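This report walks through a structure in two chains, going from the overall form to single residues. Please look at the sequence and the model first.

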Amino acid sequence: MFAYYLDLALRSLRRNKVLTTLMVLALALGIGATITTLTVLKLLSGDPLPQKSAQLFYPQLDPYPKDQPFSRSGKKLPWLMSYIDAMNLLHARKAERQAVMALSQVKLTPQGQGGKPFYADGVLTTSDFFPMFDAPFQYGAGWGSTDDESRAQVVVIAGFLNDKLFGGANSVGRTIRIEDHDFRIIGVLRPWAPQPRFYAVHLGGRDYGKGEAVFMPLQSVRADGMTPNTVMSYGPEHTDMQHLETAQSIWLGLWVQLSSADEAPAYKLFLGNYAQQQVALGRFQLSRVGLWDLMSWLRNEQVVPDDVRLQAGMALGFLLICVVNTVGLLLAKCLRRSREIGVRRALGASRGAIFLQFMVEAGIVGVAGGVLGLGFAELGLWGIRHQPAQYASLAHLDLSMFLFTFVVALVSSLVAGLLPAWRACVVAPAPQLKAS
Amino acid sequence: MEIRPILASLRKHRIPAALIVLEIALACAVLCNAVFMIGQRVASIHWSNAIDEQGIAVITVNGADPKLAASEIPRNLVALRGIAGVTAVAAATSMPLDQNPALSPFVAKPDANTTVNTSVYFIGSDGERAMGLRLLQGRWFNAGEYAGSGFKNFSSTGHVALVTQSDANRLWPGQSALGKTLYSNATGWTVVGVVADVLAQDPKFSGPGGMYSSVFFPLQPDGVMGDYMLRSTPQDRERVVREAVQVLGKLQPGAVVEGKTYAGMRSDYFADSNSMVWMLVLVCVVMLAVTAFGIVGLTSFWVQQRRRQIGIRRAVGATRGHILSYFRTENFLLSTTGTLIGVMLAFGINLYLMEHYEMNRMPWYYLPGSAIALWLLGQLAVFGPARRAAAVPPVVATRSV
C-alpha cells in the first residue's frame, strides 16, 4: 500500500513542479539555516572533557573589600585567585588532584641561524595539570611536584609546536628558548585542545580554537620574570608586576579534581572554613565562596557567545515560518484536489487511507527538503569557516547532526502535512462527485 | 470597496486565511527584531573615534629587551621618521580598539569610587600629532613633561594628563576640567587639556559607560611602549607599514615586529559585528522571499478555486478593476491582522531578549516600520494572482465547472 501512496504522491508532486519546488526550497532553506546554527551552538556549548567533567570543579574566593566589590552588582565572585590563596589551597591537597594556572603570551626563539622569534600562547601551571585534564603525551611526560618546588626550567610543548620546530621528531631532552631563557623539553603532547577552552576562560586566552603551544611550571617562569595575561588588583594600589606573589591581585585559576561529585559539599565546606579563617586573620572581609562543576561554570560564565545563541533562535523562527508556508501550500494543493479525493473515497478508500496518502506526500517533500537542506547547511558551515570568529575552524557537520537534519526535515514536513491531510480526509465524497 | 463580502468569503476559508495571517505575523516579529539588531551593530561599526584613523600605521614591537628601551626607542623613532611620506612618529603603550584593555578607575576626589573603567594610554613625545588627537581646550604636553614622566605599576609618575570630553563632562559636570586634579588609587594628576572623544581599547568590554572614557599620559621612552604610530596620507599608509616593518625588523632582530594600518585594526575589531550584520541581512531577505512566495502560492490557488465566482461577478457587471481591488483589499485585511499580531509578538520577543541577552529596548518606530514593510510585501505578492483573477473572462460563468 505504501508503495502505491508513494507513487500517487510523486505523481501529484510532479504535476505541479513550480509549487513543489517552492515547497521543497523553502523547507530546505529553513532546515539549512537551523542545522547550520545548531551545529555551531552544539559545538560551542559542548563538554570539553566528557569523561572527566563531572569530577572537575572550579573554586572561588572573595578577597575584595566589602565596599568595592569585584562586580558592579556585587553578586559575582571574583573570577580568579591571588597567589597566596591559590597556593594555600593547592598545598592543602584536599582534593584528589589540583592545579593552578595562568596564561601568558611568550616569545619563542628557534635555535640556530636565522630563526625568527615568534609569539605563542603559554600555560603557566603546576604538575597536576596533565593528569587532571587527561592531556595525552606523544613523547615524554609532564613534570612532578618536586620540579614545581625546585623551579625546574622544563617545558611540555604541544604537538603543533613540535611539528613546527622539530619536524615532529621526538624532541624530549632538547632545549627551546622562551622569553630569552632556556627550557628543557620533557614532554610533547598529542594534538589536544578541549572545546570550549574551559581553563582559559578569564585568564586572557581564547574561549575556543587552537590550544596553547607551551606548558611551563608556574614558579619557574615567575622566577624568570614572565607575567600573566590577566591581572586584576583588589587593593588600593596598582599591581606591582615584579611582586605578583605578594600583591593584592588576582591572576590565577584553580581547578580541582574530586573523586566524585558527592565530594563537592565537603570541599565547599573546606573552602568556607578557609575563607572564615582568612576573615579572622584580617585578609578577607567576606567569607563567601563558590564551587562550580565544569559544565555549570561554563554555563554561568556564558562562554557561548550571545550572537551564536541569537542566530540559532532566529534560524528556528525562520524554520517555523517555512513550516507555516509549507502548510499553506500543501493545503492549497489538497483543496484543489477535492474532486480526486471524492472519487477515491467513492471507490472505497477509507479516511485513514486518504490521510496516509497525504502524509506520505508531505514526507516526500520533507525528505527532499532535508537533502537539499543538508546542502545549504554545508554551504552555511563553509561560510562560517571563513569567518574571523575563534571557533571558525571547528564548524563541521558531524554524524549526529547529519542524522538530526533528516529528523528535523521529516518532523517539520509531517507537522506541516497534518492539517492538509486532515482536511483532505474529511472531504465528503458526494458533493464532489455531484459537481462533476 | 465593500468589505462585507470579503469578510464573508474569508469566514468560509478560515484556515488558509489564518495561515497567511500567521505567516505575516511571524515574519513581522522576526523582521522587527532582526532589523533592530542590524541597526545596533551598524551603529557600533560606525562609532566615532577622534584620531586620524585613515592616516595612521601602527607597528607593534614585542619582546624587545625593556632595559634597552631608553636608547632603542629614540633610535627607532629617528629611523622611522626617515620613511618617505611620514609626517609624524611616536611611541605609545596601546591604541584604541587594539583589544588589549589597560583599565583603571579615575575619579574627581581622592576617596571617591566609580564603576567606570577608563582606558589608559601612555604616549611618547609628539604622540598627539602622530595619533591625530583633537584638542578642544587647554594645551598639549610640553617637552619637559614628556621627558620627566615615567611608568610604574600601570600608572604615570608624571603630574599631568589629558582627558576626553566625555570624561570631563562625567567627572566635572558643568565646570571646566582644566586645572582640576584627576585621581586614581589616591594618586593625582593635573588635567592640562581636553581632547575630543577617543574610543576605549575594547569598548565592548568597557560597556557604554567606558566606551569614550580615555586618559592620556606623557611618557619618556620606556619598555612598556610596544606600539609605534606613524602618520602619513591615506594613500601612503600601506607602503609606510611595509617599509616601517622592514626598518624595525632590521633594528630589532630579537623582537617580533608586526605592522598594520589603523583602518585594518578597526575593521578587525568590528569583523564579528560585520559578519553578524551580513548573516542577519541574509536571513531577512530569504525570510521575506519565502513569505512572499507563500502568499503568492496561497492566493493563486484561491483565485483558481474561485474562477467561477469571479466569472459570475464579471458577468453581472464587475469590472477588472473591481476584481483586482477585491483581492488587494482582501490581502490588506489579512496583512493588517497579521502585522498587528506580529508587532505584539515582536515586542514580546524584544522583552525576552532584553531579559536574557545584552539587548536594549527596541525604539517604537521599528514596529510600524516593519509592519509597513510587510504590508507592502503582501500587496506586491498579491499583485500577480490578483491580475490573473481580473483576467478571468465573464464567459467562465456560463460554463459548467
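In chain B, 83% of the contacts between residues at least 6 apart in sequence join residues at least 24 apart. The model is a predicted one. Chain B holds 13 helices and 13 strands. Of its 401 residues, 45% are buried.

The outline of chain B can be given in two ways. Along the principal axes, the C-alpha atoms of chain B fill a box of roughly 100 × 50 × 30 Å. The radius of gyration of chain B is 32 Å, whereas a compact globule of 401 residues would have one near 21 Å.

Chain A is described here by its domains. Domain 1 of chain A covers 2–47 + 306–435, and domain 2 covers 63–287. The C-alpha centres of domain 1 and domain 2 of chain A lie 50 Å apart. Where these two domains touch, domain 1 of chain A gives 6 residues and domain 2 of chain A gives 6 residues. On the side of domain 1 of chain A that touches domain 2, there are 4 nonpolar residues, 2 polar ones and no charged ones.

**Between the chains**

How many residues of chain B are in contact with chain A? There are 42 of them, and they meet 41 residues of chain A. On the chain B side, the elements that give two or more residues are α2 (14–45) and α10 (271–305) of chain B. The helix α10(B) gives the most, with 17 residues. Sorted by class, the side of chain B that touches chain A has 25 nonpolar, 14 polar and 3 charged residues.

**The nonpolar cores**

In soluble globular proteins, nonpolar side chains tend to be buried together. In this model the largest nonpolar core has 104 residues. The residues with the most contacts inside that core are A:F318, A:C322, B:A27, B:C28, B:V30 and B:V283. From chain A, the elements that give two or more residues to this core are α2 (17–44), α10 (306–336), α12 (351–385) and α13 (399–425). From chain B, they are α2, α10, α12 (320–356) and α13 (366–390). The helix α10(A) gives the most to this core, with 17 residues.

A:C322 shows how one residue of this core is placed. Leaving aside neighbours within four places in sequence, A:C322 is in contact with A:A26, A:L27, A:L29, A:G30 and B:V290. Apart from the largest core lies another, of 65 residues, among them A:A99, A:V155, A:I157 and A:L271.

**A buried residue and a helix side**

A:M101 lies in strand β2 of chain A. Is A:M101 buried or exposed? A:M101 is buried, because 22 other C-beta atoms lie within 10 Å, and the cut-off for a buried residue is 20 or more. Leaving aside neighbours within four places in sequence, A:M101 is in contact with A:V123, A:L124, A:T125, A:F129, A:Y199, A:L203, A:L252 and A:G253. A:L347 is 246 residues away from A:M101 along the chain, and their C-alpha atoms are separated by 78 Å.

In helix α9 (residues 262–269) of chain B, the buried residues are B:Y262, B:R266 and B:Y269. They lie on the same side of α9(B), because they cover an arc of only 60° around the axis. The cover over the buried residues of α9(B) includes β1 (56–62) and β13 (256–261) of chain B.

**Backbone details in loops**

Two residues of chain A that are not glycine have a positive phi, and both are set out below.

| Residue | Phi | Loop in chain A | C-beta atoms within 10 Å |
|---|---|---|---|
| A:R93 | near 50° | between α3 (83–92) and β2 (97–109) | 12 other C-beta atoms |
| A:D134 | about 55° | between α4 (129–132) and β4 (137–140) | 11 C-beta neighbours |

A:R93 is exposed, because 12 other C-beta atoms lie within 10 Å, and a residue counts as exposed at 12 or fewer. With 11 such neighbours, A:D134 counts as exposed too.

Which peptide bond is cis, with omega near -10°? The bond from A:Q195 to A:P196 is cis. A:P196 is found in the loop between β7 (181–189) and β8 (214–217) of chain A.

How values were computed:
Residues numbered from 1 in each chain as written. Chains lettered and ligands numbered in written order. Predicted model: local features only at pLDDT ≥ 70, side-chain atom pairs only at ≥ 80, totals over all residues. Contact = placed C-beta atoms within 7 Å. Helix = DSSP H or I, 4+ residues; strand = E, 2+ residues; numbered from the N terminus. Nonpolar A, V, L, I, M, F, W, Y, C, P; charged D, E, K, R; others polar. Rg over C-alpha atoms; globule rule 2.2 N^0.38 Å. Domains from an automatic or database assignment. Arc of directions from axis to C-beta. Core = buried A, V, L, I, M, F, W, Y, C linked by C-beta atoms within 7 Å.
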